[in-house]
Amino acid sequence: MSSVCSITALSLLAAVVSVQAADIMKAFPPAEEGMVRFVLQLPKQDDESVFKVELIVGKTVQVDEKNRYFFAGKIENETIKGWGYTRYYVSKLGPMAGTLMAVDPNVPKVSKFITLAGEPYIIRYNSRMPIVVYVPEGVEVRYRIWTTGAELKSMLNEKQATVSGTVFYLQRIALPPDASLEVKLVDISKQDVPAETIAEQKITNPGQVPIPFELWYDPSKIDPRMTYAVQARIEQGGQLLFISTRISPVITRGNPMHVEVKVDPIK
């Protein structure tokens, strides 16, 4: 997820920059003739490791709507000697180029923010330090905040596979906040004996249905002659609330790797 904003010039930011940030700004030289200095002071976040900042440099110009345009040039950075702080700069905004689609010369042009060519320029999020960017006069600096969930995702190794899906029920009732979901991949081939568990996942505070799940398993434990299924149950404080009553076959015998598992209330 991201949001885009414009960076205000230093003079507009002075009223809200803290004393500490103002002291830090002493390390950054004023803009040279023909250049402008932009400053961004980021708000503090609880976990700044899940945020990134994308710097976007460009200029608003009149162009046609069909073609895609870009400016030559690049964002560079350097460490300020004696301070160790980083400043960012664009020395020169090069000529504008673009695609060459034919357009009707009578169609009015529109105002567009045309950016530098190349890959996105992304830096770490750090509310303790201002982001200082120097660009030629007439050039704009904008930014985008990128964020992702704090949950860590694991990668499968070559010896693992997954069965995924969702658990749902039809009743129009909400799950209590302290509910828990248990999903299992089981071997149901043998009659009159408990199903062998191949993999399982337990989710506390799962939210509301449909609830996604992912079961990792070792493919070497799967016999293509056998039948496997996903089972699910929802509990609250050890009390069973919902359980799957229908077989949801997976993996072998042409069955899918993704299933929707319906659970029914315990009466």
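Here are four short exercises with worked solutions on the chain above.

This is a predicted model, where local features need pLDDT of at least 70, side-chain atom pairs count only at pLDDT 80 or more, and totals for chains, interfaces and linings use all residues. Residues are numbered from 1 along each chain as its sequence is written, and side-chain values use heavy atoms, with hydrogens and water left out.

**Exercise 1. Describe the overall build of the chain.**

Step 1: count the elements. The chain has 2 helices and 19 strands, taken as DSSP runs (helices H or I, at least four residues; strands E, at least two) numbered from the N terminus.

Step 2: check the radius of gyration, taken over C-alpha atoms. The chain comes out at 28 Å, while a compact globule of 267 residues would sit near 18 Å; that rule is 2.2 Å times the number of residues to the power 0.38.

Step 3: look at the extents. The C-alpha trace spans about 85 × 55 × 40 Å along its principal axes.

**Exercise 2. Work out where T166 sits and what it touches.**

Step 1: find the element. T166 belongs to strand β12, residues 161-168.

Step 2: buried or exposed? T166 has a relative accessible area of 18%, so it is buried (buried is under 20%, exposed over 50%, partly exposed in between, with a 1.4 Å probe and protein chains only).

Step 3: list contacts (heavy atoms within 4.5 Å). Not counting residues up to four places away in sequence, T166 touches P210, I211, P212, F213, V259, E260 and V261.

**Exercise 3. Map the nonpolar cores.**

Step 1: take the term. A nonpolar core is a set of buried Ala, Val, Leu, Ile, Met, Phe, Trp, Tyr and Cys residues joined through side-chain atoms within 4.5 Å.

Step 2: pick the hubs. In the largest core, with 28 residues, L185, Y217 and V230 touch the most other members.

Step 3: see who contributes. Elements giving two or more residues to this core include β12, β13 (179-187) and β19 (258-265).

Step 4: look for another. A second, separate core has 26 residues, among them L42, L93, Y125 and V135.

**Exercise 4. Place S127 and explain its burial class.**

Step 1: locate it. S127 lies in the loop between β9 (121-124) and β10 (131-136).

Step 2: why is S127 classed as buried? Because its relative accessibility is 13%.

Step 3: name the partners. Leaving out residues up to four places away in sequence, S127 touches Q41, L42, P43, K44 and E48.
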